[in-house]
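Colleague: I would like a close look at one part of this protein. Please take a single helix and go through its packing.

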Amino acid sequence: MSVVDAPREFVSEQRGRSAMSLQLGRGNQLSFTQAISSGFNKYADFGSRSSRSEYWYWALFSFVAALTAMIVDAFTTGFLLYSIFALGTFIPSLAVAVRRLHDVDRSGWWMFISAVPIFGSIILLVWLIGEGT
């Protein structure tokens, strides 16, 4: 369905979304900075949903910031900076992942499937990559 062919009710409900989001039928897509601020603002919200962009931008931020902290620590204090970062982002990271599972209609308890060697992590990755509802 193109934007031109969409019924008026559908178009009026979708105001505020980008044209690409409207055409592809995707949910709310956040920018990198919006995703990071959302991750910290909803740091203990395990009940709502996270879009795919929010989860993967958060994962990118966590990876780059952790790597940066480890490099700085290698030249200075050992693992102090990385430890502070890891402690400060553990709960928000868990919350974003649980909200992402909610977006693909899974319970947050499915995070524990990653404890199953090899297959559990692959299944979890497929769910986290999948399109939300």
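Modeller: What follows covers helix H4 and then a neighbouring topic, the contact of H3 with H5. The model is predicted. Helix H4 runs over residues 52–75. With its 24 residues, H4 reaches 35 Å from the first C-alpha to the last, close to the 34 Å expected at 1.5 Å a residue.

Several residues of H4 are buried, namely Ser-53, Glu-54, Tyr-55, Trp-58, Phe-61, Ser-62, Ala-66, Ala-69 and Asp-73. An α-helix has 3.6 residues a turn, so residues three or four places apart point the same way. The partners against which the buried residues of H4 pack are H3, H5 and H6.

Of these partners, H6 comprises residues 119–129. The axes of H4 and H6 lie 9 Å apart, at an angle of about 125°. The two helices are therefore oblique to each other. On the H4 side the contact is made by Arg-52, Tyr-55 and Trp-56, and on the H6 side by Leu-125, Leu-128 and Ile-129. Sorted by class, this contact has 5 nonpolar residues, no polar ones and 1 charged. Tyr-55 is thus listed both among the buried residues of H4 and in the contact with H6.

The other two partners, H3 and H5, also meet each other. The axes of H3 (residues 32–41) and H5 (residues 80–103) come within 9 Å and cross at roughly 105°, which makes H3 roughly perpendicular to H5. Ser-38, Gly-39 and Phe-40 of H3 meet Gly-88, Thr-89, Pro-92, Val-96 and Arg-99 of H5. The residues of this contact divide into 3 nonpolar, 4 polar and 1 charged.

Notes. Residues numbered from 1 in each chain as written. Predicted model: local features only at pLDDT ≥ 70, side-chain atom pairs only at ≥ 80, totals over all residues. Heavy atoms only, no water. Axes fitted to C-alpha atoms, helices over the stretch in contact; angles between N-to-C directions. Helix = DSSP H or I, 4+ residues; strand = E, 2+ residues; numbered from the N terminus. Parallel < 35°, antiparallel > 145°, perpendicular 65-115°, else oblique. Contact = heavy atoms within 4.5 Å. Nonpolar A, V, L, I, M, F, W, Y, C, P; charged D, E, K, R; others polar. Expected span 1.5 Å × (residues − 1). Buried < 20%, exposed > 50% of the residue type's maximum accessible area, 1.4 Å probe, protein only.
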